[in-house]
Amino acid sequence: MKKIILFMLCACVLFVSCKQKQTDEVVASTPEPEVYQPTHLLKTVDYKLTKTYNYFAAPLNVAAKEVEVNYDVREPYTKPIEVVYVYPNGDTFTYILKDFGIWTNENRRHRVVVDKDCTVWIQGQTKSGQFREFVFYGNPQYNGKKISPNSYRNLPEGEIVYCK
């Protein structure tokens, strides 16, 4: 009887060991490239540190892909004005103007001009009544240059001419 049990045990072991053939294949894992995480920066403009005419250099060393100016056209001072720059790699940089009202010209168009180089000109006043003019550059090649804006020409966008 011992021989039969021993024979059955050996048969089971052989059967199980043949069934569980292990293949030790080495799978080369390719490292996944790191995915760039875009950064989103904000800057709130402090009116105590500004003058009447303010020029802001491009926030990054590369030209912005696009710019968007968000403001409430019906009710000034209710919603902060946002100048949002979007860059080719997905980064964004946002300027925030709180308690600021944009003036309108004689044709009832807001004094906001944006050109193809992502330069933004805004003219208006703070809630306390102080006149301010802001120029935000989106392309670093224009940093330090003065501009001549015109909200009447090239309607409805307006026009910005760079001075030499």
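Tyr-55 is partly exposed, with a relative accessible area of 32%. In this predicted model, Tyr-55 offers a convenient entry to the aromatic contacts, of which the structure holds 14 pairs.

One of these pairs joins Tyr-47 and Phe-100. The ring centres are 6.1 Å apart and the planes meet at 25 degrees, so the two rings count as stacked, the limit for that class being under 30 degrees. Tyr-47 belongs to the loop between strand S1 (40-44) and strand S2 (53-56), whereas Phe-100 belongs to strand S6 (residues 100-102); the pair therefore ties together parts that are 53 residues apart in sequence. Both partners are buried: Tyr-47 has a relative accessible area of 15%, and Phe-100 has one of 2%.

Tyr-55 itself takes part in another stacked pair, with Tyr-137. Here the centres lie 6.2 Å apart and the planes are at 20 degrees, which means that this pair too is classed as stacked. Because Tyr-55 lies in strand S2 and Tyr-137 in the loop between strand S9 (131-136) and strand S10 (147-150), the contact ties together parts that are 82 residues apart in sequence. In contrast to the partly exposed Tyr-55, Tyr-137 is buried, with a relative accessible area of 1%.

Tyr-55 also has a charged neighbour: Lys-146 lies over the face of its ring, at 4.3 Å from the ring centre.

Returning to the Tyr-47 and Phe-100 pair, both residues are members of a cluster linked by ring pairs. The other members are Phe-56, Tyr-85, Phe-93, Tyr-95, Phe-134 and Phe-136.

Notes
Residues numbered from 1 in each chain as written. Predicted model: local features only at pLDDT ≥ 70, side-chain atom pairs only at ≥ 80, totals over all residues. Heavy atoms only, no water. Phe/Tyr/Trp six-rings, centres within 6.5 Å; stacked < 30°, edge-to-face > 60°. Helix = DSSP H or I, 4+ residues; strand = E, 2+ residues; numbered from the N terminus. Buried < 20%, exposed > 50% of the residue type's maximum accessible area, 1.4 Å probe, protein only. Lys NZ or Arg CZ within 6 Å of the ring centre and 35° of its normal.
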